[in-house]
Amino acid sequence: MQSAALESLSPTVRRALAKLGTDISTARRKRNLTIVMMAERIGAAKTTYLKVEKGDPSVSMGIYAMTLFVLGFGEALGDIVDPGRDNVGLLLDIERLPKRVRPKKAATAL
C-alpha cells in the first residue's frame, strides 16, 4: 500500500527524482560498477537499487544517501540546504531587519 504523500507528489518532484536516478545510473556506469556491486556496497537488495536508478520516491532517503556516498557525492548531499547557500532564506533575513535601531532605555532604580 502506497502512502498518500507519494501519490500527491508534484510532476516537478517526480521529474527531479527521475533525473537523479538517471544521473546515478550514469555515474555508476562511468565508474564501471555493476548493479549488483552497487547494491552490495549500499547494503540493499538489487531490486531496491534498481528503483533508485528509476528515481522511485518510495525508496528511503538513507538508500539514496548511501548511493551518493558510494559514488563519491556524499559531501554534496550535506550542502543541499546549507543556510549559507539559501538565497531565499538570506533575502527573508534581510526583509526582517528593523527599519530603525533605537538604543535601549536604561533600567531605573526603585
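Contact here means heavy atoms within 4.5 Å. By that yardstick, and leaving aside residues up to four places away in sequence, Ile63 touches Ile42, Ala44, Thr48 and Val52. The model is a predicted one, where local features need pLDDT of at least 70 and side-chain atom pairs count only at pLDDT 80 or more, while totals for chains, interfaces and linings use all residues. Residues are numbered from 1 along each chain as its sequence is written, and side-chain values use heavy atoms, with hydrogens and water left out.

Ile63 turns up again in the largest nonpolar core (buried Ala, Val, Leu, Ile, Met, Phe, Trp, Tyr and Cys residues joined through side-chain atoms within 4.5 Å; buried is under 20% relative accessible area, exposed over 50%, partly exposed in between, with a 1.4 Å probe and protein chains only). This core has 14 residues, and Ile63 is listed with Ile24, Met38, Ile42, Tyr49, Val52 and Leu71 as having the most contacts inside it. At least two core residues come from each of H2, helix H3 (35-42), helix H4 (46-54) and H5. Helices are DSSP runs (H or I, at least four residues), numbered from the N terminus.

Helix H2 is also home to Thr22. With 45% relative accessibility, Thr22 counts as partly exposed. Its C-alpha atom is 5.9 Å from that of Glu53, though 31 residues separate Thr22 and Glu53 along the chain.

As for the lining of the largest pocket, 11 residues are nonpolar, one is polar and none is charged. (Ala, Val, Leu, Ile, Met, Phe, Trp, Tyr, Cys and Pro count as nonpolar, Asp, Glu, Lys and Arg as charged, the others, Gly among them, as polar; a pocket is an open set of points on a 1 Å grid over the protein atoms alone, where a 1.4 Å probe fits, with protein on both sides within 12 Å along at least five of seven lines, and lining residues have an atom within 4 Å of a point.)
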